[in-house]
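User: Please take a close look at one part of this model, the place where two of its chains meet. Explain it in plain terms, as I am new to this.

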4 protein chains.
Amino acid sequence: MVRFTVLGCGRIGRMHAANLARHPGVELVSVFDIMDEAANATAQALGVRRAASTAEALSDPKVDAVLIATPTATHVPLIIEAARAGKAILCEKPIDLDIERVLQCRDEIAGFDPIVMIGFNRRFDPTFAALRRRVEAGEIGRVEQVVISSRDPAPPPLSYIRGSGGLFHDMMIHDFDMARSLVGDIVEVSALGAVLVDPGIGEAGDIDAAMVTLRAASGALVHINNSRRCAYGYDQRLEVFGEKGMLLAGNQRETTVEAHLADRTACRDPILHFFIQRYTDAYAAEISHFVTAVETHTRPTPGFSDGLEALRLADAAATSHSTGRSVRLDQVAGEALDSMMR
Amino acid sequence: MVRFTVLGCGRIGRMHAANLARHPGVELVSVFDIMDEAANATAQALGVRRAASTAEALSDPKVDAVLIATPTATHVPLIIEAARAGKAILCEKPIDLDIERVLQCRDEIAGFDPIVMIGFNRRFDPTFAALRRRVEAGEIGRVEQVVISSRDPAPPPLSYIRGSGGLFHDMMIHDFDMARSLVGDIVEVSALGAVLVDPGIGEAGDIDAAMVTLRAASGALVHINNSRRCAYGYDQRLEVFGEKGMLLAGNQRETTVEAHLADRTACRDPILHFFIQRYTDAYAAEISHFVTAVETHTRPTPGFSDGLEALRLADAAATSHSTGRSVRLDQVAGEALDSMMR
Amino acid sequence: MVRFTVLGCGRIGRMHAANLARHPGVELVSVFDIMDEAANATAQALGVRRAASTAEALSDPKVDAVLIATPTATHVPLIIEAARAGKAILCEKPIDLDIERVLQCRDEIAGFDPIVMIGFNRRFDPTFAALRRRVEAGEIGRVEQVVISSRDPAPPPLSYIRGSGGLFHDMMIHDFDMARSLVGDIVEVSALGAVLVDPGIGEAGDIDAAMVTLRAASGALVHINNSRRCAYGYDQRLEVFGEKGMLLAGNQRETTVEAHLADRTACRDPILHFFIQRYTDAYAAEISHFVTAVETHTRPTPGFSDGLEALRLADAAATSHSTGRSVRLDQVAGEALDSMMR
Amino acid sequence: MVRFTVLGCGRIGRMHAANLARHPGVELVSVFDIMDEAANATAQALGVRRAASTAEALSDPKVDAVLIATPTATHVPLIIEAARAGKAILCEKPIDLDIERVLQCRDEIAGFDPIVMIGFNRRFDPTFAALRRRVEAGEIGRVEQVVISSRDPAPPPLSYIRGSGGLFHDMMIHDFDMARSLVGDIVEVSALGAVLVDPGIGEAGDIDAAMVTLRAASGALVHINNSRRCAYGYDQRLEVFGEKGMLLAGNQRETTVEAHLADRTACRDPILHFFIQRYTDAYAAEISHFVTAVETHTRPTPGFSDGLEALRLADAAATSHSTGRSVRLDQVAGEALDSMMR
């Protein structure tokens with residue numbers, strides 16, 4: 001039985017708290033949010049204690065593990081505090097928007113050697129996980145190319161956009177991690193972004209559509225397309241091309257009903273609308289993976305370094321987009337990278 | 001909060017008990033099985049009381065409702081006992097194999113006017129339910145024809161076959177109910193059965209494959225095909241043809257992965273293996289529907305009469321199969337029907 | 001080079017004539033139709049001679065083979081005349097509506113031992129033919145069940161219906177032949193028909209929808225559904241269930257375009273509208289098969305006896321529909337059959 | 001009736017000659033190839049005259065139009081010669097590998113104002129053409145992104161690779177034209193290439209896999225992926241994302257058969273193997289478009305300038321690949337472009 005506190009009771013935090021509450025190997029001890037209302041509502045709904053502060057939650061000896069779902073800027077201090085308190089840590093992505101702070105965080109927590117997992121939920125999606133297992137089992141031989149389509153149904157509010165770190169850091173970071181999980185280390189990044197959906201996003205200094213190409217150390221090429229708008233829902237697809245064939249992961253729907261009508265046939269349902277619906281099973285499996293790691297004292301995956309690497313790719317994509325050059329990750333030292341990026 | 005006892009802790013009973021235990025509107029009070037081991041295991045796993053007898057379980061004033069998942073032959077006496085005790089009743093299909101006993105049961109419980117629901121779980125499958133709602137909403141106009149494909153992955157043991165009442169009563173009864181839910185009352189049944197899978201099933205006096213045609217009072221025609229073997233899994237499909245088009249419900253798979261290889265393309269996963277996997281959501285939705293009916297004192301559907309009508313269709317199919325004639329349901333009185341059948 | 005005359009320049013005859021004209025192994029010598037306009041138009045379009053009469057066309061020593069696409073009632077005399085003239089014969093289905101006349105025809109031509117092929121075009125559809133080859137190669141083991149869906153986009157004029165011989169003889173006869181091509185001889189037929197589309201068809205003494213079950217000598221069961229109306233086009237599908245799996249032949253579309261929109265996804269084109277479009281390749285392959293048979297002096301398939309057997313099944317279905325009994329084909333002698341049917 | 005000569009009797013030339021020979025609006029007058037055997041075989045097979053030289057073929061007053069399917073290096077002189085002779089010109093892609101020569105060719109033929117069409121056959125594929133018409137009709141609103149997957153089944157011989165001009169000029173040039181046909185003028189190109197299939201291709205100075213991103217003047221982004229190997233056949237797919245939805249063009253197969261087996265379901269045929277099979281209808285429609293243009297004295301599309309623009313994109317991609325920069329097409333003047341490229 002792993003005992004948890006959940007920090008952050010926004011949409012994602014509440015979902016995680018509910019998943020923890022119904023997990024048979026978990027005891028949810030407390031929840032915290034700086035907003036009284038959110039914290040109280042979550043605590044009451046799940047019948048758990050509301051912690052008075054993150055410090056109190058993290059110093060509780062009855063707590064083994066913390067799930068961090070607070071705003072991004074607080075991730076690093078909370079990770080450090082939790083590591084000091086000896087807690088296992090499951091932190092929502094991204095670790096931080098500033099790679100310098102992530103590197104410092106890494107150094108500060110190194111001595112405590114905490115169990116840390118970063119919430120790249122898509123790795124745990126049953127379809128993507130099955131596809132990856134089949135790739136690893138050699139069904140299509142060596143991986144040569146990957147196409148990742150990842151499109152949100154509608155843009156978030158501009159207020160969110162402004163604090164998001166930009167499309168590459170907020171949205172495509174999931175796809176960078178997915179790419180790494182399929183082809184390993186990336187050595188080159190080439191990115192083109194555009195404002196195609198909402199001029200306001202452009203005025204806020206961000207883009208709302210992008211196409212990125214990655215080159216892996218293995219030689220494989222990866223394409224990622226993102227858009228902040230997708231009329232037909234939350235488009236989440238994957239194509240992995242190997243020497244022996246292609247494995248494809250398609251979108252998902254609530255039912256298998258097909259309509260065959262006079263002017264169109266084989267019409268399926270809309271696809272699942274957004275991440276809460278699409279990745280329901282993935283979020284639950286993510287929790288289970290982390291709980292198992294805590295129970296067995298093993299390293300969960302994706303770990304801190306995966307969070308760091310995804311951030312480096314987001315940085316590289318942002319640089320490529322703004323400079324019109326492809327960015328070589330293998331030629332940049334840590335410091336050089338930092339100065340070169342943002 | 002509806003308080004339940006579960007009678008029968010076999011595979012189906014355990015599944016229902018677990019669904020009840022996790023339903024937020026339900027308190028599972030007790031479980032019973034004539035086999036100590038099954039009853040104890042279920043009681044312990046769910047942390048509920050093991051009732052000493054059905055009588056004790058049903059006389060418990062803390063119990064509002066009973067889920068009956070015992071062997072078919074005990075359904076009628078347990079329904080009567082539960083009705084007398086004033087409990088709401090959710091009984092697994094079929095009510096009984098003998099229509100005479102079902103009619104007597106109906107008469108005996110009439111005075112108590114109990115809430116009774118029969119466990120035709122497929123009505124609650126999200127895909128089939130969505131298809132039916134779209135049919136009812138008029139998307140394809142008047143229903144003209146229906147094709148129901150319903151095939152088990154492998155035959156049950158011969159010991160099960162011998163007590164099952166035969167393919168029409170044990171297996172196709174679900175499809176008869178599905179047909180009724182789509183086209184209403186049936187007036188004519190024509191059935192051809194065969195032994196194609198296992199000669200032992202034939203020696204046991206049963207068939208293992210059948211094709212049946214129904215004619216509805218509305219005029220619609222319905223085809224049902226059943227087989228006790230299906231190499232690719234638990235085939236559960238539906239096609240509904242109307243004047244404006246066709247709605248189709250396809251099989252379901254664990255993932256959306258497709259393999260494109262040198263000698264074959266677009267290959268999907270095996271379909272979900274059997275009813276526990278395929279109808280997970282349906283069983284949960286069935287419980288919810290019943291709980292709502294109990295809470296709101298409304299009639300759940302499918303009710304006792306639906307169980308009776310499905311049995312009449314199974315009887316008619318068996319008669320048609322053995323006589324080589326189509327059987328007209330609208331021309332037979334209650335008594336005539338009884339003597340004519342079995 | 002096989003030299004042809006084409007008798008009948010209606011829709012089907014013109015199509016065959018055009019296919020013959022472009023076949024590299026064929027010389028189209030002449031065409032005939034009792035309607036001057038049709039005959040002239042076809043002769044001019046293809047640059048061939050217009051025969052003055054069937055007798056003239058069939059007595060032409062420069063003609064090796066005849067394609068008969070005249071009204072059904074003329075098939076038997078033309079087959080006999082062609083056989084006497086020593087021509088190879090490709091005759092549109094059905095041979096005749098009256099099995100007695102077909103049996104007489106068989107006897108009359110027996111002495112000439114002509115090459116005769118009946119135009120069950122669907123056997124030559126590349127999809128159905130590939131499916132059948134895979135079944136024959138054992139991919140799914142022994143065939144246990146077959147489901148044939150065959151639905152016309154819209155009913156023909158009532159004038160056509162009145163002379164058609166009825167749905168079983170005019171429309172389902174194709175499916176009877178398809179069933180035989182997949183499972184071999186049929187021993188039992190059970191049919192339910194209905195008037196669901198146009199009451200005028202009922203007033204004309206015919207039905208416009210039917211569901212039929214066949215039992216093969218092999219034990220296999222076959223379901224056929226027909227409708228004279230299908231809102232989404234010319235529905236032509238096949239499912240063959242064997243001990244090792246199922247092979248399915250789906251509908252066909254002009255393009256592979258899919259639309260993914262806000263309220264529906266993966267929408268495909270309408271299916272190919274009617275037989276001329278759907279079976280374009282089949283009609284061409286049918287000609288090729290016949291030409292090869294003529295060139296190599298081998299028996300083409302489907303032959304005269306296949307036309308006879310399909311007619312026997314149509315008769316049996318009509319009898320079953322009108323009597324409410326299943327009809328056993330293996331228990332009826334030739335004469336008995338004739339009196340029993342119609 | 002348009003009278004043609006065909007120059008070049010290799011695989012593509014023979015196919016075009018056969019298509020011309022069977023086109024009802026075409027008279028194929030002569031064919032030429034520098035190889036006697038190829039020329040004779042084609043001339044005999046189609047029953048046409050073998051021209052003694054290109055000069056003779058092009059000076060023939062009985063010839064209205066020329067189809068040029070000779071090696072790329074001869075395209076420019078033959079176009080010029082044909083223009084001088086007043087013939088309409090249908091030239092296989094690419095016009096030339098050297099943009100300077102293409103610009104000179106343009107200037108030299110300008111005075112003759114010939115009808116010129118470049119053989120980007122994919123524009124005439126019924127599926128791609130239907131998709132484009134639907135995009136133009138506004139079904140998905142403004143086009144925001146496009147994903148083009150275009151993968152050959154197997155690499156050509158190294159001898160071919162060496163003279164091909166490289167993957168961007170030989171293979172992806174089709175996709176550049178497809179991109180332009182969907183989103184109009186391109187302003188920026190970013191390319192990553194790799195040697196993933198055959199090291200020999202790398203030693204020959206070429207790549208065998210590439211991912212390219214284009215930015216259109218409209219703002220739209222386009223991704224193209226190419227590979228010289230595709231285990232499952234000739235992968236030719238298109239996804240067009242607009243503000244209202246997505247239109248997708250899938251691969252094509254010979255039949256619609258699906259296999260449902262114990263370990264995999266819904267398996268389709270291999271996709272059509274290579275361009276001759278996949279684009280049969282496209283090549284025929286291309287001829288028809290050109291013939292109509294000649295008959296009606298209208299400009300065929302794609303024209304000379306489309307050939308030029310596709311070449312500019314191939315040049316830009318090659319530059320981007322070798323420099324690691326994205327190449328801006330709108331900032332380079334004609335001369336600058338030439339010096340900057342290659």
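Analyst: This is a predicted model. The part to look at is the interface of chain A and chain D, where 41 residues of chain A are in contact with 41 residues of chain D. The area buried between chain A and chain D is about 3,300 Å². Carbon and sulfur atoms give 53% of that area. On the side of chain A, Leu192(A), Leu196(A) and Met211(A) together supply 21% of what the chain buries against chain D, more than any other three residues.

Next come the polar and charged links. Between chain A and chain D the count is six salt bridges. In one salt bridge, the side chain of Glu144(A) meets that of Arg229(D), with 2.2 Å from N to O. Across this interface there are also 16 residue pairs in polar contact, both residues of each pair being at pLDDT 80 or more.

Which strands of chain A supply at least two residues each to the side that touches chain D? They are β7 (143–151), β8 (186–194), β9 (209–216), β10 (221–227), β11 (235–242) and β12 (245–249). Sorted by class, this side of chain A has 16 nonpolar residues, 13 polar residues and twelve charged residues.

One of these strands, β11, holds Gln236(A). Is Gln236(A) buried or exposed? Its relative accessible area is 2%. The cut-off for buried is under 20%, so Gln236(A) counts as buried. The side chain of Gln236(A) makes two polar contacts that can be named here: one of 2.5 Å with the side chain of Tyr279(A), and one of 3.3 Å with the side chain of Arg122(A). Leaving aside neighbours within four places in sequence, the residues in contact with Gln236(A) include Phe128(A), Ser149(A), Ser150(A), Arg151(A), Ala249(A), Gly250(A) and Asn251(A). Arg278(A) is also among them.

Finally, consider how chain A relates to another copy, chain C. A turn of 180 degrees, with a shift of 0.0 Å along the axis, lays chain A on chain C with an RMSD of 0.0 Å. That is the relation of a two-fold axis. In chain A, the C-alpha nearest this axis belongs to Cys267(A), at 2.0 Å from it. Of the interface residues of chain A, 100% are also interface residues in chain C, so the copies meet through the same surface.

Conventions
Residues are numbered from 1 along each chain as its sequence is written. Chains are lettered from A and ligands numbered from 1 in the order in which they are written. This is a predicted model: local features need pLDDT of at least 70, side-chain atom pairs count only at pLDDT 80 or more; totals for chains, interfaces and linings use all residues. Side-chain values use heavy atoms; hydrogens and water are left out. Contact means heavy atoms within 4.5 Å. Buried area is the accessible area (1.4 Å probe) that two parts lose on being put together, summed over both. A salt bridge is a side-chain nitrogen of Lys or Arg within 4 Å of a carboxyl oxygen of Asp or Glu. A polar contact is a pair of N or O atoms within 3.5 Å; within protein, one must be able to donate a hydrogen and the other to accept it, and residues adjacent in sequence count only if both atoms are side-chain atoms. Helices (H or I, at least four residues) and strands (E, at least two) are DSSP runs, numbered from the N terminus. Ala, Val, Leu, Ile, Met, Phe, Trp, Tyr, Cys and Pro count as nonpolar, Asp, Glu, Lys and Arg as charged, and the others, Gly among them, as polar. Copies are superposed by least squares on the C-alpha atoms of residues with pLDDT of at least 70 in both. Buried means under 20% relative accessible area, exposed over 50%, partly exposed in between (1.4 Å probe, protein chains only).
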